[in-house]
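Biologist: Could you take a close look at one loop for me, and then follow the chain outward from there? I'd like to know what is going on in the backbone and what sits around it.

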Amino acid sequence: MLKELVTANRSYRGYDESRRITRKELEEMVDCARLAASSVNLQPLQYYLAWEKDEVEKIQAMTKWARNLPELKLPHDGMCPTGFIVICQNTDVCESLARFQKDVGIAAQTILLAAVEMGLGGCMIGNFHAQEVKEKLGLAEHLAPLLIVAVGKPAEKIVLTEIGPDEPTAYYRDENDVHYVPKRRLRDILLN
């Protein structure tokens, strides 16, 4: 079942806006993340939840999506996520932001796997200005926004394709707006 969840967990950039995310759903996702591993168990991460339309739109305006497809505006109009989780580090716990990058990745992946299990999906977004997010969300000085996770009901088709060792890994869309994600073959990434 884990492999099915991982396979279904794609970086969705199109959502059904009629399906609103609830605070309870976001809390459940974060509750799963808080149980995951943390470096030396310091647990420096804290989470800002956005599910109300105004807050979601405020965060959406501060994000940039699909850097690999600069010719497209994603998400398309009317296909934005209906929830966000902003993962922050409490610098009172530890000032080094680099030290806990793996914790951020673990937390984000756990959040997204929980979303998939709920019949939802999401996307990790690192393309934003942390200071702008901090100011517009009114975050305390000791909180550093590190990653934004979009959440919603996916409304797009994503296809995984296997590629050989010399083929490009860049994702792309076809003329029908189907999103393709090339993945290296297992035999090509194993070292022995």
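Modeller: Start with glutamine 43, in the loop that links α2 to β1 (45-50). Keep in mind that this is a predicted model. Glutamine 43 has a phi near 50°, which is positive even though the residue isn't glycine. As a rule, most residues other than glycine have a negative phi, and most peptide bonds are trans. Is that side of the chain buried or exposed? Glutamine 43 has a relative accessible area of 47%, so it counts as partly exposed, since exposed would need over 50%.

Now look at the loop between α3 and β2, where alanine 66 sits. Alanine 66 also has a positive phi, about 50°, without being a glycine. Its surroundings can be read from its accessibility: alanine 66 is at 9%, and because buried means under 20%, it counts as buried. Proline 75 belongs to the loop between α3 and β2 as well. The bond between leucine 74 and proline 75 is a cis peptide, with omega at about -10°.

Next, the elements on either side of these loops. Going back to α2, residues 23-34, you find it packed against α4, residues 101-117, with the axes 8 Å apart and an angle of about 135°. That angle falls outside the parallel, antiparallel and perpendicular ranges, so α2 is oblique to α4. The crossing is right-handed. On the α2 side, the contact is made by Met29, Cys32 and Ala33; on the α4 side, by Ala107, Thr110, Ile111, Ala114 and Ala115.

Going the other way, α3 (53-61) and β2 (83-90) each put at least two residues into the largest nonpolar core, as do β3 (121-125), α5 (130-137) and β4 (143-152). That core has 24 residues, and the ones with the most contacts inside it are Ile59, Trp65, Phe84 and Ile148. Take Ile59: leaving aside residues up to four places away in sequence, it touches Tyr48, Ala50, Phe84, Val86, Leu137 and Ile148. A separate core of 22 residues lies apart from this one, with Leu112, Ala114, Ala115 and Ala144 among its members. Ala114 and Ala115 are also on the α4 side of the contact with α2.

What about β4? It is mostly covered, with 10 of its 10 residues buried. β2 runs antiparallel to β4, and 8 bridges join the two. Glycine 83 sits across from valine 151 of β4. β3 is antiparallel to β4 too, through 5 bridges, and methionine 124 has valine 149 as its bridge partner in β4.

Back on the helix side, glutamate 132 is in α5. With a relative accessible area of 27%, glutamate 132 is partly exposed. Cysteine 94 is 38 residues from glutamate 132 in sequence, and their C-alpha atoms are 22 Å apart.

Further along the chain there is an open sheet of 3 strands, in the order β5-β7-β6 with mixed pairing. Its edges are β5 (158-163) and β6 (172-173), each pairing on one side only. β6 runs antiparallel to β7 (residues 179-184), held by 2 bridges, and tyrosine 172 faces tyrosine 180 of β7.

Key. Residues are numbered from 1 along each chain as its sequence is written. This is a predicted model: local features need pLDDT of at least 70, side-chain atom pairs count only at pLDDT 80 or more; totals for chains, interfaces and linings use all residues. Side-chain values use heavy atoms; hydrogens and water are left out. Two strands pair if DSSP finds at least two bridges between them. Helices (H or I, at least four residues) and strands (E, at least two) are DSSP runs, numbered from the N terminus. A nonpolar core is a set of buried Ala, Val, Leu, Ile, Met, Phe, Trp, Tyr and Cys residues joined through side-chain atoms within 4.5 Å. Buried means under 20% relative accessible area, exposed over 50%, partly exposed in between (1.4 Å probe, protein chains only). Contact means heavy atoms within 4.5 Å. Axes are lines fitted to C-alpha atoms, for helices over the stretch in contact, and angles run from 0 to 180 degrees between N-to-C directions. Angles under 35 degrees count as roughly parallel, over 145 as roughly antiparallel, 65 to 115 as roughly perpendicular and the rest as oblique. A crossing is left-handed if the near helix is turned anticlockwise from the far one by less than a right angle, and right-handed if clockwise.
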